[in-house]
Amino acid sequence: MKLYNTLTRNLETFKPLNFPKVSFYTCGPTVYDYTHIGHMRTYTNNDILKRTLTYLGYKVNHVMNVTDVGHLTGDDDSGIDKLEKGATKSDKTVWEVVKFFTDNFFKTMDALNISRPDVTCKATDHIEEMIQLINRLKRNGYVYETKEAVYFDVMKFKNYGKLSRQKIEEKLQAVRKEINIDTEKKHPVDFALWFKRIGRFADHTMHWPSPWGEGFPGWHIECSAMSMKYLGDSIDIHTGGIDHIPVHHENEIAQSEGATGKQFVKYWFHNNFLTVDGQKMSKSLGNFYTLSDIEKNKINPLSLRLLFLQSHYRQSLNFTWQSARASQEAFNRLKEIATNLKGPNSQRKKLVKLSDKSIAYQQQFKNAIENDLQTAQAVAVMWDMIKSDIDNEEKYFLLMDFDKIFGLNLDNINEEKIDANIIILAERRLEARKKRNFDQSDKLRIKIEKAGFKIEDKGNSYTIKKSTTKPI
Ligand code: AMP
Ligand code: ZN
């Protein structure tokens, strides 16, 4: 499979460090507010990558953190802890905020059928690992301490900037003027590994003892510590949004490689944004929609997933309600098609022998997805396959096969509980129709309708639903 690697800026052939195992780390949410559908675009695309690797036979071990401490409102160690901000805003304790918004995050993930990571780890459960890592960095000479914090000394790490390809001078221009709150900080790009519970953080609710006094960890150190704990010193894939490239991921590299001396990540996978009117959907701009907005507008969250599949993960995607509704219609059609293809006999999906034509569609699908996840192309192959003249059973098989990656839950069709006797009547009626015995088929239709069901013919198959009108 070919995958774009932010580190090399190249499309590379994916070769895991330890075939067929793939170690896969995802930067998780900061759980201080409602999750929005912009986040979900990133997590859907990560899920597509994970499903693709699994489809291709790799054994993926997926770890995702939940940031519940230390992520400040400013990227440059300025501002306040987002979690404390969430607590003040909602008049809850910080722990209640964490619980509430973590639940909201996973509820939204589930609604979009984003598979859960193998390991989900909270920053606050790994304070000890972070302290150990800071100590290790200290032994390697990358750390200095001030009255307010413990910092990573960026000037000592010679590869700083290799991911973003920004020189430190360029970074300095991007750094806002007023940020040098800690006057003892040696260089504005140095970043905090540990904040002490003094000065502006004197009242910080979450705090732990450490060799540098009571305090709390910086945001970046958690990902290095947890990815190392669960996946080892060097991992195959690390994912996140493109906003993480210049600071968070650059800092993760500095910390991890500064500690181990080994390459931290082989493939960096970055997702572009979901935008509104061309601007990143974000909490700070207030231009975001949540799961409940989606549901209020009668959009099935899975049709949002289909919408995300229609664009490439490295391109930005502008969200409009019009595009969401169009995707909803396409999704409804797809569900309808899946229902009809499946028919009443759920054994159909067991079919394995495919015709040459079906194999060719499967290959086209694979080619698209293996080419740096060209999901829009893969969706187009699916529609072509549906419109083709291949056998219905093969169509159903292929649809289910493609859905292993799409994750649209097409298998879970709206099958109402239909009595086995009705199915028998319907099957007998299908036989009668095949023999062109229309008298018999009409009689059977009346029987089915009297029992309160509606039967519709679909070529050589049919669908049955509970009738919404009273039987005659
Ligand atoms: P956060 O909770 O802000 O750390 O964000 C969680 C993940 O969602 C990160 O990987 C972000 O890059 C990503 N993200 C945030 N906003 C958007 C957006 N508008 N479109 C796509 N991804 C986003
Ligand atoms: Zn991270």
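## Exercises on a predicted model

Asn113 is partly exposed, with a relative accessibility of 22%. The exercises below concern this residue and other features of the model, which is predicted.

### Exercise 1. Backbone at Asn113, Asp277 and Asp91

Classify Asn113 and Asp277 by accessibility, and describe the sign of phi at Asn113, Asp277 and Asp91.

Solution.

Step 1. Locate the residues. Asn113 belongs to the loop between α3 and β5 (119-122). Asp277 belongs to the loop between β12 (274-276) and β13 (279-280). Asp91 follows helix α2.

Step 2. Apply the cut-offs for accessibility. A residue is buried under 20% relative accessible area, exposed over 50%, and partly exposed in between. The value of 22% therefore makes Asn113 partly exposed, and the value of 69% makes Asp277 exposed.

Step 3. Read the backbone angle. Asn113 is not a glycine, yet its phi is positive, about 55°. Asp277, likewise a residue other than glycine, has a positive phi near 50°. At Asp91 phi is positive as well, near 60°.

### Exercise 2. The surroundings of Val97

Determine which helix holds Val97, whether Val97 is buried or exposed, and which residues it touches.

Solution.

Step 1. Place the residue. Val97 is part of helix α3, which spans residues 94-111.

Step 2. Assess its accessibility. The relative accessible area of Val97 is 0%, so the residue is buried.

Step 3. List its contacts. With residues up to four places away in sequence left out, Val97 touches Val31, Tyr32, Leu83, Gly86, Ala87, Ser90 and Lys92.

Step 4. Compare these contacts with helix α2. The buried residues of α2 (residues 82-90) are Lys82, Leu83, Glu84, Gly86 and Ala87. Leu83, Gly86 and Ala87 are among the residues that Val97 touches. On the level of whole helices, the buried residues of α2 pack against α3.

Step 5. Add a long-range reference. Arg305 is 208 residues from Val97 in sequence, and their C-alpha atoms are 27 Å apart in space.

### Exercise 3. Aromatic pairs

Assign the geometry of the pairs Phe19 with Tyr58 and Phe319 with Trp321, and give the accessibility of each ring-bearing residue.

Solution.

Step 1. Choose the descriptors. A pair of aromatic rings is described by the distance of the centres and the angle of the planes. The structure contains 25 aromatic pairs.

Step 2. Treat Phe19 and Tyr58. Their ring centres are 5.9 Å apart and their planes stand at 85°, so the pair is edge-to-face. The two residues are 39 residues apart and link distant parts of the chain: Phe19 is in the loop between β2 (10-13) and β3 (21-26), and Tyr58 is in the loop between α1 (37-55) and β4 (59-66).

Step 3. Compare their accessibility. Phe19, at 62% relative accessibility, counts as exposed, whereas Tyr58, with a relative accessible area of 12%, is buried.

Step 4. Treat Phe319 and Trp321. The centres of their rings are 5.2 Å apart and the planes meet at 80°, so this pair is also edge-to-face. Phe319 is buried, with a relative accessible area of 3%, and Trp321 is buried, with a value of 18%.

Step 5. Extend the view around Phe19. One aromatic cluster consists of Phe14, Phe19, Tyr58 and Tyr267. On the backbone, the peptide bond from Phe19 to Pro20 is cis, with omega near 5°. Pro20 is found in the loop between β2 and β3.

### Exercise 4. Charges over rings

Identify the ring beneath Lys186 and the ring beneath Arg314, with the distance in each case.

Solution.

Step 1. For Lys186, the charged end sits over the ring of Tyr144, 4.6 Å from its centre.

Step 2. For Arg314, the ring is that of Tyr4: Arg314 lies over its face, at 3.9 Å from the ring centre.

### Exercise 5. The chain as a whole

Summarise the secondary structure, dimensions, burial, contacts, surface and charges of the chain.

Solution.

Step 1. The secondary structure comprises 15 helices and 16 strands.

Step 2. Along the principal axes, the C-alpha atoms fill a box of roughly 95 × 50 × 40 Å.

Step 3. The chain has 472 residues, of which 54% count as buried. Among contacts between residues at least 6 apart in sequence, 75% join residues at least 24 apart.

Step 4. The accessible surface is about 21,600 Å², and carbon and sulfur atoms account for 49% of it.

Step 5. The chain carries 71 positive and 61 negative charges, whose mean positions are 5 Å apart.

Key
Residues are numbered from 1 along each chain as its sequence is written. Chains are lettered from A and ligands numbered from 1 in the order in which they are written. This is a predicted model: local features need pLDDT of at least 70, side-chain atom pairs count only at pLDDT 80 or more; totals for chains, interfaces and linings use all residues. Side-chain values use heavy atoms; hydrogens and water are left out. Buried means under 20% relative accessible area, exposed over 50%, partly exposed in between (1.4 Å probe, protein chains only). Helices (H or I, at least four residues) and strands (E, at least two) are DSSP runs, numbered from the N terminus. Contact means heavy atoms within 4.5 Å. Accessible areas come from the Shrake-Rupley method with a 1.4 Å probe; for residues, only the protein chains shown count as cover. Lys and Arg count as positive and Asp and Glu as negative; His and the chain ends are not counted. The place of a charge is taken as NZ of Lys, CZ of Arg, CG of Asp or CD of Glu. Rings of Phe, Tyr and Trp (its six-membered ring) pair if their centres lie within 6.5 Å; planes under 30 degrees apart count as stacked, over 60 as edge-to-face and the rest as tilted. A charge sits over a ring if NZ of Lys or CZ of Arg is within 6 Å of the ring centre and within 35 degrees of the ring normal.
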